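User: I am new to this model and would like a close look at its charged side-chain pairs. Please start with one lysine and work outward.

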Amino acid sequence: MYPFFDGFGYHGNSFEQTYRCYPASFIDKPQLESGDKIIMPPSALDRLASLHIDYPMLFELRNSATERVSHCGVLEFIAEEGMIYMPYWMMQNLLLQEGDTVRVKNATLPKGTYVKLQPHTKDFLDISNPKAILETTLRNFSCLTTGDSIMVAYNNKKYYIDIVETKPSSAISIIETDCEVDFAPPLDYKEPERPQPSIPTSKAPVPVEDAQAEAEVEPKFTPFTGIGRRLDGKPLKHQAPTVSSSAKGQQSETTNGVKKTASTSESSSSRQTKGKLVFGSNANRASKEAQVLKQTKEEPAKKEEPKFQAFTGKKYSLKG
């Protein structure tokens, strides 16, 4: 059998009770919104006084329906029996509505050494001295829980900040302790895009297809591609081969042209009489040949003139 206190269900050496919760606006206590403290009924104070609990009094709040857990302190014991009043932002963390039940249990939390905060909007960083504002606000808090979102009121504006990390445990006490505070980038923060350096047109990379086309159009330098000539004007016995394909094509065309002219000249010379030059078209060749043969028959054969011979004169003696 557990000893009960005044019939309200308090038992054992710990405090644990279920209450219906309501926001601070129901009791006309707006100062509750700037901290993490709740208002409990007087019967809770009587039970807590009879227990050997640690001071300051800290409590664990649990929403059994959603299994959401948070922690808080207590400001006063003036609420109606069976009811508690808490900040509205705390009800939002626990996913509680007006009149929902919440389980309250006393807790002992270690002193915090480190906490990491993340503002919801970057407007909080635009405050002239956000660190001083945060220090002033956290004086109204007794504990912090990882995963909660606390509200900071400044200059008639509300700023919400997430508790990202706490050390040495997931829930810490921040009463009379030196705690290191770190900030994470705001949730709506975006890093500015770095402008890409513009590449000048002269250094811009040329597409592969254009480069290949330019390589095909521009002729490469090939030394010694001309035709050799002798100083005495005589034809070359062996003609040096050319390197470029265009020169090869031209050489093949010229050789073919020579062959064609040679063959035509041979065919024409075979038709002509040997030892005679004939000018004109082929149609006048027969008549001219007949005239030449006729003249040779009529005229007597002339003696060939003697060729010049050296030293053919008479001999003379110097003696006389």
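What relative accessibility does K157 have, and what does K157 count as?

Analyst: K157 has 38% relative accessibility and counts as partly exposed. That class lies between buried, under 20% relative accessible area, and exposed, over 50% (1.4 Å probe, protein chains only).

First, the ground rules. The model is predicted: local features need pLDDT of at least 70 and side-chain atom pairs 80 or more, while totals for chains, interfaces and linings use all residues. Residues are numbered from 1 along each chain as its sequence is written, and side-chain values use heavy atoms, leaving out hydrogens and water.

K157 has a partner. It forms a salt bridge with D123, and the closest N and O atoms are 3.5 Å apart. A salt bridge here is a side-chain nitrogen of Lys or Arg within 4 Å of a carboxyl oxygen of Asp or Glu. The two residues sit in distant parts of the chain, 34 residues apart. K157 belongs to strand β10 (residues 157–167), and D123 to the loop between β7 (114–119) and α3. Such elements are DSSP runs numbered from the N terminus: helices (H or I, at least four residues) and strands (E, at least two). D123 is also partly exposed, at 33%.

Side chains of opposite charge can pair when their charged atoms come close. The whole structure holds 6 salt bridges. Another one joins E76 and K29, at 3.4 Å from N to O. This pair, too, links distant parts of the chain, 47 residues apart. E76 lies in strand β4 (residues 68–76), whereas K29 is in the loop between β1 (16–23) and β2 (37–39). E76 is partly exposed, with a relative accessible area of 26%.

E67 and R62 also meet in a salt bridge, 3.3 Å from N to O. E67 is exposed, at 52% relative accessibility. R62 is partly exposed, at 29%. These two are not alone: shared partners join E60, R62 and E67 into one network.

Charged residues appear in one more place. The lining of the largest pocket has 10 nonpolar, 1 polar and 5 charged residues. Nonpolar means Ala, Val, Leu, Ile, Met, Phe, Trp, Tyr, Cys or Pro; charged means Asp, Glu, Lys or Arg; the others, Gly among them, are polar. A pocket is an open set of points on a 1 Å grid over the protein atoms alone, with protein on both sides within 12 Å along at least five of seven lines; lining residues have an atom within 4 Å of a point. Helix α3 gives the largest share of this lining, 4 residues.
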